[in-house]
Amino acid sequence: MRFGLCTDIRNVKEVQEAGFDYIEGKLNQFALWTEEEFCQVVELFKQCSIKMETCSLLLPKSMAVIGDKYSEKELREYLDVAFARMDTLGCKLVVFGSGKSRMVPEGMRWQDAFVELVNVTRLIGEIAAQHGICIAIEPLNRAETNMICSLCEGAALQAMVGLDNVGLLADAYHMRREEEDMTRILRCSPLMHTHIATKEGRLYPLEATEEVKEFFSVLADVGYDGTMSIEGKSDDWKVDSIKALEVMRACAKN
């Protein structure tokens, strides 16, 4: 497996020094930077040996893709810039979490919202395919969204979209918050990408607890050997990320 850290891409040198294989950036952050700001980061990456292989936060929090506030024109204009910048940094996968963007508006039927989400995810996938980019659907816990809150729901969305470059992500934190059985990974594989953090506090995995080991064990059972990024919190991320990386690499070997 290859391991990365979700953080501001301006931290790429520190992430490299910590020993990670890649950095996972925040698309809805750097896609909104000025051209000058972005070019400064491009120069920074030229000095580093690791890349931004993946990124999260596909959409700005203010952009709705379900209901009356959705604007296809606004989405296309945003993706034109966002995917072009991913191209510049050589990134080929973005996580579709964006819980606020995919919220079912009050009064709207879930079924109608699901159909709209299928259509917009397919559109995003088709535009991404033109850049050779993959979209990883991320089920989120119900505290963050009311649409696609389980691995099975994410798998259903993936199946309905029906594009080879649109896949599924398993996030250990969200699955634990929803009290999902980790064996659902067996039913919903293959996975395109994974995230990890502890259930309590959404912290970096600093110890090989049963919670952490179970996630790795189930992934091993399905033969997953892809990417895993820490998406969590820390009071001292530079120190904690090094320790967490050691734990993850040890768990991957067992």
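Three worked exercises on a predicted model follow. Local features need pLDDT of at least 70, side-chain atom pairs count only at pLDDT 80 or more, and totals for chains, interfaces and linings use all residues. Residues are numbered from 1 along each chain as its sequence is written, and side-chain values use heavy atoms, leaving out hydrogens and water.

**Exercise 1.** Find which side chains make polar contacts with the side chain of His195.

Solution.
- Locate His195: it is found in strand β7 (residues 193-196). Strands (E, at least two residues) and helices (H or I, at least four) are DSSP runs, numbered from the N terminus.
- Check exposure: His195 is buried, at a relative accessible area of 0%. Buried means under 20%, exposed over 50%, partly exposed in between (1.4 Å probe, protein chains only).
- Read the partners: Glu138 at 3.1 Å and Glu231 at 2.9 Å. A polar contact is a pair of N or O atoms within 3.5 Å; within protein, one must be able to donate a hydrogen and the other to accept it, and residues adjacent in sequence count only if both atoms are side-chain atoms.

**Exercise 2.** Work out how β7 pairs with β6.

Solution.
- Strand β6 (residues 166-171) runs parallel to β7 in a pairing over three bridges. Two strands pair if DSSP finds at least two bridges between them.
- Take Leu169: its bridge partner in β7 is His193.

**Exercise 3.** Test the length of helix α4 (residues 72-88) against its expected span.

Solution.
- The expected span is 1.5 Å times one less than the number of residues.
- For the 17 residues of α4, that gives 24 Å.
- The end C-alpha atoms are 24 Å apart, so the two agree.
- Just after α4, Gly90 has a positive phi of about 75°.
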